[in-house]
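User: Hi! I have a structure open and would like some help reading it. Could we go through it together?

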Amino acid sequence: MTPKINFFSIRGQFVYGCAAILAVATAFPFFWMVSTSFKPLQEIFVFPPNFFPAEFTLKNFERLFEQTRFLTYFKNSVFVSFTTVVLTMIIGSAGAYSLTRFKFYGREKIASLILFTYMFAPIMIVIPFYVLIKKIGLANTHAALIMAYTAFCLPFSLWLLRAFFQSIPLALEKAALIDGASRLEAVIYVVLPLALPGIIATGIFTFILAWNDYIFVRILITSDELKTLSVGIADLYNATVIDWGMIMSGSMLITVPVLLFFVFVQRYLIAGWGAGAMKG
Amino acid sequence: MKYNSQKAGILLIAPSVLLICSLLVYPVVYGIWLSLFKKHSFFPDQRFVGLANYGYLMKNSDFWMSVWYGTVYSVSTIFFQIVIGIIAALIVNESFKGRNFVRGVILFPYVIPTVVAIILWKWLLNNQFGLVNYLLLAVGIIDDPISWMGMDHIMTSLILISVWEFFPFVVLSVLARMQTIPPLLYKAAKVDGAGAFRRFIHVTLPQIRNVLFVVILLRSIWMFTKFDTVWLLTQGGGAEKYIRTLPVYAYMRTFMYYQAGMGSALAVIMFIILVAATTIYFKMFRRGEEI
């Protein structure tokens, strides 16, 4: 452990000053969102603005739940994101296990294919993807969204899980086999528990990606009752006169699940990041 | 360990490969095919037109403007992301009180939904009620409110928001690498009398070079193809045509003019530009090391 920086040195003041600027620049917009979402309508437009709500109200949230389909969007987001995470984790773990434990023809080619497709951006595939989905009659279904997200998250999930599986020593599995465990038992009782932190971290990155997505929903979903949160809120914003209080309360509610997961995963984050997590 | 088995290995990787090939690779290939057709986005009728879509675009000034805006947008956002990202990583690599808190907080912009980021900033930059204009007026930096979403400033606003949203990616990637630099190197440099700046140039920079290579590559690809941040900012301002980058233009052609063939041609052009730029980038900077 390096010693803490002395606050009273010039270097110390510089570091603390920069850290404070960074924290304010990144956190203040969120504070402002929370503050606005608890202000009554007339206070939102007060000039000069109040940093904390002078009068605390939940009216913005009431309007959000009563006048919009926010709850439906929320349910859709939860369903689509969780299905994507489960599918991606099962398919991805199997794939990563195969890439790290078996030797077969074309393994390295598959690894490069994964790395190559990791760089794909949604806009590059979304137009032909839409035409194809329409052809097979899946346009405007959650299945189309789940397919898109699973395919899109697989490359980075595989890449990340592969790194995690590589760090689990083969000797442990061997020992289990010598003790009379079957291959499957060795995987279930030895490999998976050790890989769990990695699988959880990867799962949360996948969740964030699916939860935050805008473009696939915008293009693949047309019915209002099937929309997820991103598009739901964007459409509320574009609807008529902007109800800032309601929009801010909605934005806050979308952000909370992501930040909760994020706080939970933070301790795995830096390790995972080195192996190439997330995209976008 | 020897297992009975090529078979089991292939069986386990098969679903991944199948999904990636059918849902990622095939659409890209199909997009190339599609770009040779005049095709309506909703109705099934299509007519083979060869390279006519590309020919049309080459003579179209909107297309060239979108290439220009896209280049301005990606080059400037990448530059600021990298510079701010490295500085921020250096800061949070120091040990000070509350470091873990700051490390967590600076990642927020990257993990929240883009929709939220855009709405937040539209509110902060609102020309009548926005906090940014209020603060700038109060401090006396400006005399009249700035119209951040107007034609003169919308590109600046877009760059500001994008850098804010994406610089945490650089911080994390660089920080992860910085933590593996042996402290001994810094001690040795100190003994040799190197100041903070020279320690950065001669110790830190060579060590993070390979990570920077990858980070700049990924960020360039993703900024050049960034759709949602740009598109959502264009909504409801009237100045949308001043930030109409290539991805936004491809989207508009497909879903507002219903020209799926033309939209695909634009996506293919994006792909070609990226492959060309990446090849040049590798030739210029990669001197045979592993990334």
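User: Are α1(B) and α13(B) parallel or oblique to each other?

Analyst: They are oblique. This is a predicted model, and in it the axes of helix α1 (residues 6–34) of chain B and α13(B) cross at roughly 120°. An angle of 65 to 115 degrees would count as roughly perpendicular and one over 145 as roughly antiparallel, so this crossing falls in the oblique class.

User: Which residues make the contact of α1(B) and α13(B)?

Analyst: On the α1(B) side they are B:G31, B:I32 and B:L34. From α13(B) come B:A260, B:G261, B:S264, B:A267 and B:V268. Sorted by class, that contact has five nonpolar and three polar residues, with no charged ones.

User: And how close do the axes of α1(B) and α13(B) come?

Analyst: The two axes come within 8 Å. Their crossing is left-handed.

User: Let's move along the chain. How many residues of helix α12 in chain B are buried?

Analyst: Nine of the ten residues in α12(B), which covers residues 246–255, are buried, so this helix is mostly covered. Among the buried ones are B:L246, B:P247, B:Y249 and B:R253.

User: What covers the buried residues of α12(B)?

Analyst: Both chains take part in the cover. It includes α6 (122–135) of chain A, along with α3 (61–93), α11 (228–234) and α13 (260–285) of chain B.

User: I also see a loop between α12 and α13 of chain B. Which residue lies there?

Analyst: B:Y258 is one of the residues in that loop. Its phi is near 60°, a positive value in a residue other than glycine.

User: What sign does phi have in most residues other than glycine?

Analyst: Most of them have a negative phi. Chain A offers another example of a positive value: phi of A:N140 is near 65°. That residue sits in the loop between α6 and α7 (142–166) of chain A.

User: Why does A:N140 count as partly exposed?

Analyst: A:N140 has 15 C-beta neighbours inside 10 Å, and that is why it counts as partly exposed. Being buried would take 20 or more, and being exposed 12 or fewer. B:Y258 is partly exposed as well, with 14 such neighbours.

User: New topic: how many residues of chain A are in contact with chain B?

Analyst: On the chain A side there are 79 residues, and they meet 72 residues of chain B. The side of chain A that touches chain B has 59 nonpolar, 16 polar and four charged residues.

User: How many helices and strands does chain A have?

Analyst: Chain A has twelve helices and zero strands. Chain B has 13 helices and two strands.

User: What share of the residues in chain A is buried?

Analyst: Buried residues make up 45% of its 280 residues. For chain B, the share is 41% of 291 residues.

User: How much of the contacts in chain A comes from residues 24 or more positions apart?

Analyst: Counting contacts with a separation of 6 or more, such residues account for 74% in chain A. In chain B, that figure is 68%. For a pair of residues far along the chain, take A:I90 and A:I199: they are 109 residues apart, with their C-alpha atoms separated by 9.6 Å.

User: Where does A:I90 lie?

Analyst: A:I90 belongs to helix α4 (residues 70–101) of chain A. It counts as partly exposed because it has 13 C-beta neighbours inside 10 Å.

How values were computed. Residues are numbered from 1 along each chain as its sequence is written. Chains are lettered from A and ligands numbered from 1 in the order in which they are written. This is a predicted model: local features need pLDDT of at least 70, side-chain atom pairs count only at pLDDT 80 or more; totals for chains, interfaces and linings use all residues. Two residues are in contact if their C-beta atoms, placed from the backbone, lie within 7 Å. Ala, Val, Leu, Ile, Met, Phe, Trp, Tyr, Cys and Pro count as nonpolar, Asp, Glu, Lys and Arg as charged, and the others, Gly among them, as polar. Helices (H or I, at least four residues) and strands (E, at least two) are DSSP runs, numbered from the N terminus. Axes are lines fitted to C-alpha atoms, for helices over the stretch in contact, and angles run from 0 to 180 degrees between N-to-C directions. Angles under 35 degrees count as roughly parallel, over 145 as roughly antiparallel, 65 to 115 as roughly perpendicular and the rest as oblique. A crossing is left-handed if the near helix is turned anticlockwise from the far one by less than a right angle, and right-handed if clockwise.
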